[in-house]
Amino acid sequence: MQLLLAEDDQILAAGLGAQLAQAGFAVQHAPNGPVAEYLLTSQPYDIAIIDLGLPMVDGLSVLKTVRAVRPELPVVILTALDKLDARLASLNGGADDFITKPFIFSELEARLRAVLRRSRHAGSGAAPFAELTAGALRFDRETRRAMVNSDLVDLSPREAILLDLLLANTGKVVRKDQIAALWNDDGSGNSAEVHIYRLRRKLDSSGVAIRTIRGLGYLLEADPAGTRG
């Protein structure tokens with residue numbers, strides 16, 4: 001079972017991830033809200049654990065985004081708030097279950113397996129929108145391969161992640177801090193600018209423009225006229 005653990009407490013995430021792995025889950029960790037949103041809307045996880053107190057984008061907002069794209073994905077909420085309002089907000093927001101910190105791992109495991117049993121009728125859990133397109137550009141999210149017409153585009157791992165993020169948000173501004181969060185970068189250098197420059201060169205004939213929105217970030221849009229910003 002592929003499981004995403006969205007938890008900003010690094011010590012808790014490491015310990016919980018190890019226990020989940022011993023219980024038979026293949027665990028990937030998201031340290032904040034933007035990373036959790038990106039991974040959960042682009043990768044074929046079977047179940048997710050989301051902490052309500054995620055930084056940058058809170059857990060309920062992540063849940064709302066995920067539910068709009070993957071309504072069938074089983075989600076268990078972690079919360080340090082032992083209050084009725086927090087539990088109701090989680091369930092009304094689309095969570096399948098919740099558990100309050102601190103918790104005993106055996107209870108969390110039991111809840112995860114119960115949620116998975118209830119969700120089996122929903123389907124295979126395949127990733128939505130496995131291929132993203134814009135202009136003559138096609139991007140396979142599972143293999144991270146990009147094609148312009150019939151030509152393969154040679155992408156580095158960071159370029160593939162950046163292109164996926166831009167394509168998934170076509171017509172919307174992607175902030176530099178969102179890019180930095182995906183790369184576990186503090187955003188103080190010019191890494192994003194360098195990779196944007198390289199992507200523009202590689203996608204020159206794709207009918208896609210990556211525009212710099214000064215002071216905000218970058219915006220990808222189909223550009224049939226072939227102009228560049």
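## A tour of two sheets and their cores

Select Leu5 and His29 to begin: Leu5 sits opposite His29, which belongs to β2. You are looking at a predicted model. Leu5's neighbourhood is the pairing of strand β1 (residues 2-6) with β2, which run parallel and share five bridges.

Now add helix α1 (residues 10-22) to your selection. Helix α1 packs on the sheet and touches β1, β2, β3 and β4. Compare the directions of α1 and β2: the angle between them is about 165°.

**The parallel sheet**

Next, show the whole sheet. In what order do its strands lie? The order is β2-β1-β3-β4-β5, an open sheet of five strands with parallel pairing. β2 (26-30) and β5 are the edge strands, and each has a single partner strand, so one side of each has no neighbour in the sheet. Look along the sheet and you can see some twist: neighbouring strands are turned by 20° against each other on average, direction ignored.

**Strand β4**

Select β4 (75-79). Is this strand enclosed or open to the outside? Five of its five residues are buried, so β4 is largely enclosed by the rest of the structure. Turn on the side chains: Val75, Ile77 and Thr79 point one way, while Val76 and Leu78 point the other way.

Now look at the two partners of β4. With strand β3 (residues 47-51), β4 runs parallel, and four bridges join the two. Click on Ile49 and you will find Val76 of β4 opposite. To get from β3 to β4, the chain passes through α3, and this β-α-β crossover is right-handed. With strand β5 (residues 97-100), β4 again pairs in the parallel sense, over four bridges. Here Ile77 has Phe98 of β5 as its bridge partner.

**A stop at Arg70**

Select Arg70, in the loop between α3 (59-69) and β4. Is Arg70 buried or exposed? Arg70 is buried, because its relative accessible area is 1%, and the cut-off for buried is under 20%. Now show Gln43: its backbone oxygen lies 3.4 Å from a polar atom of the Arg70 side chain. Pro44 is worth adding too, since Arg70 and Pro44 are 26 residues apart in sequence and 9.8 Å apart in space, C-alpha to C-alpha.

**The antiparallel sheet**

Move on to the other sheet on this tour, an open one of four strands in the order β6-β7-β8-β9, with antiparallel pairing. Its edge strands are β6 (131-134) and β9 (151-153), each pairing on one side only. On average, neighbouring strands here are turned by 25° against each other, direction ignored.

Zoom in on strand β7 (residues 137-140) and strand β8 (residues 145-148): they run antiparallel and are joined by four bridges. Asp140 has Arg145 in β8 as its bridge partner. Then add α6, which packs on this sheet, touching β6, β7 and β8, at about 115° to the direction of β7.

**The nonpolar cores**

In soluble globular proteins, nonpolar side chains tend to be buried together. In this model, the largest nonpolar core has 47 residues, and those with the most contacts inside it are Leu40, Ile50, Leu163 and Leu166. Helix α6 (residues 157-168) gives the most to this core, with six residues. Pick Leu163 and colour the residues it touches, including Leu137, Phe139, Ala146, Leu199 and Leu220. For your last selection, take Leu20, Ala23, Ile49 and Leu116: they are among the 17 residues of a second, separate core.

Methods. Residues are numbered from 1 along each chain as its sequence is written. This is a predicted model: local features need pLDDT of at least 70, side-chain atom pairs count only at pLDDT 80 or more; totals for chains, interfaces and linings use all residues. Side-chain values use heavy atoms; hydrogens and water are left out. Buried means under 20% relative accessible area, exposed over 50%, partly exposed in between (1.4 Å probe, protein chains only). A polar contact is a pair of N or O atoms within 3.5 Å; within protein, one must be able to donate a hydrogen and the other to accept it, and residues adjacent in sequence count only if both atoms are side-chain atoms. A nonpolar core is a set of buried Ala, Val, Leu, Ile, Met, Phe, Trp, Tyr and Cys residues joined through side-chain atoms within 4.5 Å. Contact means heavy atoms within 4.5 Å. Two strands pair if DSSP finds at least two bridges between them. A crossover is right-handed if, with the strands pointing away from the viewer, the path from the first strand over the helix to the second runs clockwise. Axes are lines fitted to C-alpha atoms, for helices over the stretch in contact, and angles run from 0 to 180 degrees between N-to-C directions. Lists of a residue's contacts leave out its neighbours within four places in sequence.
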